[in-house]
Structure formats: structure tokens, C-alpha cells
2 protein chains.
Amino acid sequence: MADEPKHVGRPKNEAASTALKQAAIMLVREQGYGVSITAIIEAAGVSRQTLYNRWATKAELVLDAFFEQAQTQVSTPDLEGDAPRRRLLAIYLREVFGHVNSDGELLRTLLAEAQIDPGFRKVFFERFVSPRAEIVIDLLRDAQARNEIDAARDPELMTSMLHGALWYRLLIDQPLTDDIADELAGEIFRGGR
Amino acid sequence: MADEPKHVGRPKNEAASTALKQAAIMLVREQGYGVSITAIIEAAGVSRQTLYNRWATKAELVLDAFFEQAQTQVSTPDLEGDAPRRRLLAIYLREVFGHVNSDGELLRTLLAEAQIDPGFRKVFFERFVSPRAEIVIDLLRDAQARNEIDAARDPELMTSMLHGALWYRLLIDQPLTDDIADELAGEIFRGGR
DNA sequence: TACTTAAATAGACTGCAGTCTATAAATTAT
DNA sequence: ATAATTTATAGACTGCAGTCTATTTAAGTA
């Protein structure tokens, strides 16, 4: 059903894509997001247009490169098992805090780009923000089904509070420690039931 | 003890400052933050350097102009009176949501600038974010003193959750309605005591 | 072999924020 | 008056992301 290249014209050079992503993430980690496009394409050994054939903006390239580094994957909480959902939430938050603590500067910059560029905003939220929101919403719904939190509460709003606290504390340089993760889970599950 | 100009050299033209702020807020509301510096100084009828003698960046000028519009002032909750603190919190949140809803686009852009430019970041947080955080922290401490919420909880963390939810929902274009304000207050005061 | 098509390249170009330079203007001090 | 000092002005300049143009290259098709 696939696998027939059926392609007319000069084929895309995949090596250029990976070289660009590698150069981008390396230089951004070295020099920060402010590194110039020119520096990136020179390090990758490709022309300017080749970059813009693949990504619309520097931000999209860097986001892709960032994901390729793959320490951004969140392990979905195990809702099959029997662990208290409060504990699963705390574990999830600790894990996300870890990612944010190791790449906070870059995440801040990408968030900023997302506010400025509507095209990138869509990409950033679809690829980064929404999947994480879904994980927490599912976890909280499951907790409601198990009667660990009140079914009348709104999982989406609670997710706003949790991820909101995460971003807010990142933006204002407040610490994101394991203790904070546990306290946040505690706030949501406060009172039991 | 003051009022002696005691000033050597050509005096600063205050009219230029107000003309710049007026031109800035007008053009930003008309065309968005992307309006050029050149357009702003031409509308104000001053030279480029005159702007940079007064503000370090476009963002600082726009922030000043934004504050001058003054619909950004939050009325501090009345902690002398006897109203339930849950109600005071809901009123505060409704008011802030109102400001955010009328100038969300601009606030998003200023937040983005704050992430990119450390100098502006400091200014933005000192003038905009911190005062609001203080108001909520004071309100929650007062609620603890009145035994309306558990004294063991951390007002700073609850403030992260509340303002975090506000910014998060602004950033991802989720609505900030009066109902949401009330629900957020309800989440914090859930269970009474 | 020619022809068509898509991708790659070098490098010029645009529009922007912010800096710098040289000069003029407005004020106090001598 | 003259000097010293600070602000204002016009406009050139820098460095950047992203676009555009002309040309070349690598593939499929006739």
C-alpha cells in the first residue's frame, strides 16, 4: 500500500535533515536559542534554502531537534495497575519537572516563540502541550471512576491548575522540585474520597 | 527638600515621553505589537534616539504605555471586612480575567518578550506578576488566619496554581470566564476549613 | 538521448530592533 | 558673552530571520 517511491525529480536528501537537527540542538545547547541560522546551516553543511524547505522557522527546527533528543518523552501512567492515582500523578509530575529542569531555558524560549508566531503556536501545542494535558485529564478521570476524587470536579480545570503551576513556576524561576510535585498532587487529591 | 531643578544641560522634554506612550498604545492596539519602532516615533513626532533615551526596548515602552491606560489596576481585596475569603478570591479572579480578556493578545506578547529578554523579564515580573501574586498570597494567609482553609497548606503554591491556570489558559486560548473564576476559587476552598 | 520535475546551492535582498555618529539646541555656570 | 553639559535630531550602520532569484544537480519519463 506504500513503499513505491513513485517520485519525480531530485529526491530529498534525508542526511541534510538529520545534519540540520543535530547542528541545531548542539549549537542551541552551546550558545542558546540566539544562535544564528547561518551558524546552523554552516555547521550542517547545507544551504539556507534547504533548511527552509524542511521547516518554516527556526523554532520548528529546534522543536524537532529537541524531540529527537527524546528525553522529552513522558511515560504514560499505568492506569491498568492498582496504584493510588494520587501517587501516579506525583510520579508523572516529578518526571515532567525533571525534563523541564534540564531544558527549562529552551522550553521558555519555545513558549515565547509560540506566543509570537501563530503557526508555531499550533505546532508547539499539538506536539508538546496537548499530549501532556491529555495524560493528566485521563489520569484524573480514572481517579474519579475509582472514587479517589469527587466526580463533580472538572478534570480539565484541574489540569490547567497543574500544568499552569508548572509553566508559571518555570516562567518566574521558582523551583520545580520533587517536593513541589508531591504537594501539587496532594492539593488535587486533598481530602481523599 | 526637592523642587530645585538644579539641572545642568538641556532639560528632558516630558511631552516627548507622553507622545511616545500614546502613540505606542494606539498603534499597538491598531496593528498589534508588530508595529515598527519607526512608525511609533513618526506618530509621536520624535527621533529614534529620544525613544531609546527613555526606554531600553520596545517592550518596556509598551509596558509603560499599557500601565498608563490604567485599566490594569487590580482593586486589592478588602481584608478588613468580613466577607468570606472564598468570595473575595472569586471576585479578584473575575476582575483579573476581565483585564486579561480585554488585552490578552498584548499580555501574551509581553510575556513572550519577558522570556526572551532578561532585562525586560525583571521589569515585567516586578511590575506586573509579583504584585498580583502578593495580593493572592495575602488573601490566602488571611483565609488561613480565619480558619477558612487549612493552615498547613502553602499559600505560595496555591498562588502558583491560580495564576498558573490563568496564564496557561491564556496561552492555550482556553476561555477565562466568570464561571471559571468561581470554580478556581471553589477548588482552593474545597471542603471548607 | 533529450525533456521534465523537484531539490540544492550561493548569494542578493527585505524589513526589523537596536546602536552609533555627527550636529544642533536648550539650559546652567563662569 | 562664553563654556560646559545634557538632550534632540537625522540618518547611517549592524546583525538578524526569512524571502527571492538564478543556476545547477539528480532523479524519472518519452
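Analyst: A polar contact is a pair of N or O atoms within 3.5 Å. The model discussed here is predicted.

User: How far is a base nitrogen of DNA strand D from an N or O atom in the side chain of A:Gln49?

Analyst: The cut-off for a polar contact is 3.5 Å. The A:Gln49 side chain offers an N or O atom, and its partner is a base nitrogen of DNA strand D. The pair falls within the cut-off, because the distance is 2.9 Å.

User: Which residue has a side-chain N or O atom 2.7 Å from a base nitrogen of DNA strand D?

Analyst: Start with the protein around this strand. DNA strand D is surrounded by 24 residues, and the closest include B:Gly9 and B:Thr50. Of the strand atoms that come within 4 Å of the protein, sugar and phosphate make up 65%. The contact asked about goes to a base, though, and the side chain belongs to A:Arg48.

User: Which residue has a backbone N or O atom 3.1 Å from a phosphate oxygen of DNA strand D?

Analyst: This contact uses a protein backbone atom, and its partner on DNA strand D is a phosphate oxygen. The pair counts as a polar contact because 3.1 Å is within 3.5 Å. The residue is B:Ser47.

User: Which helix gives the largest share of the surface near DNA strand D?

Analyst: Two helices supply at least two residues each: helix 3 of chain A and helix 3 of chain B. By class, this surface has 7 nonpolar, 11 polar and 6 charged residues. The largest share is 4 residues, and it comes from helix 3 of chain B.

User: Now the other strand. What percentage of the atoms of DNA strand C within 4 Å of the protein are sugar and phosphate?

Analyst: There are 25 residues around DNA strand C. A:Gly9, A:Arg10, A:Thr50, B:His7 and B:Arg48 come nearest. Among the strand atoms within 4 Å of the protein, the share of sugar and phosphate is 65%.

User: Which residue has a side-chain N or O atom 2.7 Å from a phosphate oxygen of DNA strand C?

Analyst: Some phosphate contacts use the protein backbone. B:Ile37 places a polar backbone atom 3.1 Å from a phosphate oxygen of DNA strand C, and B:Lys58 has a backbone N or O atom at 3.0 Å from one. The side-chain contact at 2.7 Å belongs to A:Thr50.

User: Which helix gives the most residues to the surface near DNA strand C?

Analyst: By class, the surface has 7 nonpolar, 12 polar and 6 charged residues. The top contributor gives 4 residues, and it is helix 3 of chain A.

User: How many aromatic pairs are there over all chains?

Analyst: Two rings pair if their centres lie within 6.5 Å. Counted over all chains, the number of aromatic pairs is 16.

User: What kind of aromatic pair do A:Phe124 and A:Phe125 form?

Analyst: Their ring centres are 5.6 Å apart, with 65° between the planes. Planes over 60 degrees apart set the type. The pair is therefore edge-to-face.

User: What kind of aromatic pair do A:Phe124 and A:Phe128 form?

Analyst: These residues are 4 apart in helix 6 (residues 118-145) of chain A, so about one helical turn separates them. Both are buried. The ring centres are 5.5 Å apart, with 10° between the planes. That angle is under 30 degrees, so the pair is stacked.

User: Is A:Phe125 buried or exposed?

Analyst: A:Phe125 belongs to an aromatic cluster that also includes A:Phe66, A:Phe120 and A:Trp167. A kink of about 45° in helix 6 of chain A is centred on this residue. Its relative accessible area is 11%, under the 20% cut-off, so A:Phe125 is buried.

User: Which residue lies over the face of A:Phe128?

Analyst: Chain B has a charge over a ring: the charged end of B:Arg132 sits 3.9 Å from the ring centre of B:Phe128. In chain A, the distance to the ring centre of A:Phe128 is 3.9 Å, and the residue is A:Arg132.

User: What is phi of B:Asn147?

Analyst: Most residues other than glycine have a negative phi. B:Asn147 lies in the loop between helix 6 (118-145) and helix 7 (155-171) of chain B. Its phi is positive, near 65°.

User: Is B:Asp173 buried or exposed?

Analyst: B:Asp173 sits in the loop between helix 7 and helix 8 (178-189) of chain B. Its phi is also positive, near 60°. Its relative accessibility is 54%, over the 50% cut-off, so B:Asp173 is exposed.

Note on methods. Residues are numbered from 1 along each chain as its sequence is written. Chains are lettered from A and ligands numbered from 1 in the order in which they are written. This is a predicted model: local features need pLDDT of at least 70, side-chain atom pairs count only at pLDDT 80 or more; totals for chains, interfaces and linings use all residues. Side-chain values use heavy atoms; hydrogens and water are left out. A residue is near a molecule or strand if one of its heavy atoms lies within 4 Å of it. A polar contact is a pair of N or O atoms within 3.5 Å; within protein, one must be able to donate a hydrogen and the other to accept it, and residues adjacent in sequence count only if both atoms are side-chain atoms. Ala, Val, Leu, Ile, Met, Phe, Trp, Tyr, Cys and Pro count as nonpolar, Asp, Glu, Lys and Arg as charged, and the others, Gly among them, as polar. Rings of Phe, Tyr and Trp (its six-membered ring) pair if their centres lie within 6.5 Å; planes under 30 degrees apart count as stacked, over 60 as edge-to-face and the rest as tilted. Buried means under 20% relative accessible area, exposed over 50%, partly exposed in between (1.4 Å probe, protein chains only). A charge sits over a ring if NZ of Lys or CZ of Arg is within 6 Å of the ring centre and within 35 degrees of the ring normal. The bend at a residue is the angle between axes fitted to the seven residues ending there and the seven starting there.
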